[in-house]
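Subject: A structure for you to explore

Hi there,

Here is the structure I promised to pass on. Have a look around first, then read on for what turned up in it.

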Amino acid sequence: MDEQWIVVAQRDEIPEGAMKRVEIDGHRYLVILSEGDWYAVDDQCSHEDVSLYLGCVHGDHIKCSLHGSRFSLKTGAPLEEPATDPIGTYPVKVEDNKVMIQTKN
């Protein structure tokens, strides 16, 4: 598999505690800045087909708005039921004011 870095935002587009939804090759991701750390995760709850963009970020986890499942932004692991499957996580880097995520094709 080829790994590639994709520019998804300018640094100042995503304020602290916020997220941006992006779509790359038909796949939706969330890019998040929380407590000074950058994260990229799948934009779909593993329990139900609902966008995590509708949820909220607290520290290093995100909470689904539908049933309250929480996921680690670091590992994608579910932290609270009803979700039992992880969500995808992706490397993030910021260079020259550009926010990039690494995807796998």
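Let's begin with Glu35, which counts as exposed at 62% relative accessibility. Please keep in mind throughout that this is a predicted model. Glu35 is found in the loop between strand 3 and strand 4, and its phi is positive, about 55°, although Glu35 is not a glycine. The two strands around it form a hairpin with two residues between them.

Now follow the hairpin itself. Strand 3 covers residues 27-34 and strand 4 covers residues 37-42; the two run antiparallel and are joined by six bridges. To find one of the pairings on your screen, go to Val31: its bridge partner in strand 4 is Ala40. Strands of a sheet pair through backbone hydrogen bonds, either parallel or antiparallel.

Stay with Ala40 for a moment. Which residue of strand 9 does Ala40 stand opposite? Tyr90 is the one to look for. Strand 9 (residues 89-90) runs antiparallel to strand 4, and two bridges join them.

Tyr90 also takes us to the rings. The structure holds one aromatic pair. Its members are Tyr29 and Tyr90, arranged edge-to-face, with 5.0 Å from centre to centre and 85° between the planes. The pair counts as edge-to-face because the angle between the planes is over 60 degrees. This contact links distant parts of the chain, as Tyr29 sits in strand 3 and Tyr90 in strand 9, 61 residues apart. Is Tyr29 buried or exposed? Tyr29 is buried, with a relative accessible area of 6%.

Another ring worth a visit is that of Trp5. Lys93 lies over the face of Trp5, at 4.5 Å from the ring centre.

Just before strand 3 you will meet Gly26, in the loop that follows strand 2 (18-24). Gly26 is exposed, with a relative accessible area of 60%. If you want to practise a distance, try the C-alpha atoms of Gly26 and Met100: these residues are 74 apart along the chain, and the atoms are separated by 17 Å.

Next, the cysteines. How many disulfides are there? The count comes to zero. Cys45 is in no disulfide, and the nearest cysteine sulfur, in Cys64, is 3.9 Å away. A disulfide needs two cysteine sulfur atoms within 2.5 Å, so the distance of 3.9 Å from Cys45 to Cys64 does not qualify. Cys45 is buried, at 3% relative accessible area. For Cys56, the closest cysteine sulfur is again in Cys64, but it is 9.8 Å away, which is too far for a bond. Cys56 counts as partly exposed, at 32% relative accessibility.

There is also an open sheet of four strands, in the order 5-6-7-8, with antiparallel pairing. Why do strand 5 and strand 8 each have one side without a neighbour in the sheet? Strand 5 (56-58) and strand 8 (78-80) stand at the edges, so each has a single partner strand. On average, neighbouring strands of this sheet are turned by 30° against each other, direction ignored. Strand 5 pairs with strand 6 (residues 61-63) in the antiparallel sense, over three bridges. One of the pairings to look for joins His58 to its bridge partner in strand 6, His61.

Beyond strand 8 comes the loop that leads to strand 9, and Pro82 lies in it. Here you can look at a cis peptide bond: it joins Glu81 and Pro82, with omega at about 20°.

Finally, have a look at strand 10 (residues 92-95) and strand 11 (residues 98-104). They pair in the antiparallel sense over four bridges, and Glu95 has Lys98 as its bridge partner in strand 11. This hairpin has two residues between its strands, and Asp96 takes a positive phi near 50°. Asn97 lies in the loop between strand 10 and strand 11. The phi of Asn97 is near 70°, a positive value in a residue other than glycine. Is Asn97 buried or partly exposed? Asn97 is partly exposed, with a relative accessible area of 37%.

Enjoy exploring, and do write back with any questions.

Best wishes

Definitions and conventions. Residues numbered from 1 in each chain as written. Predicted model: local features only at pLDDT ≥ 70, side-chain atom pairs only at ≥ 80, totals over all residues. Heavy atoms only, no water. Pairing = 2+ DSSP bridges. Phe/Tyr/Trp six-rings, centres within 6.5 Å; stacked < 30°, edge-to-face > 60°. Buried < 20%, exposed > 50% of the residue type's maximum accessible area, 1.4 Å probe, protein only. Lys NZ or Arg CZ within 6 Å of the ring centre and 35° of its normal. Axes fitted to C-alpha atoms, helices over the stretch in contact; angles between N-to-C directions.
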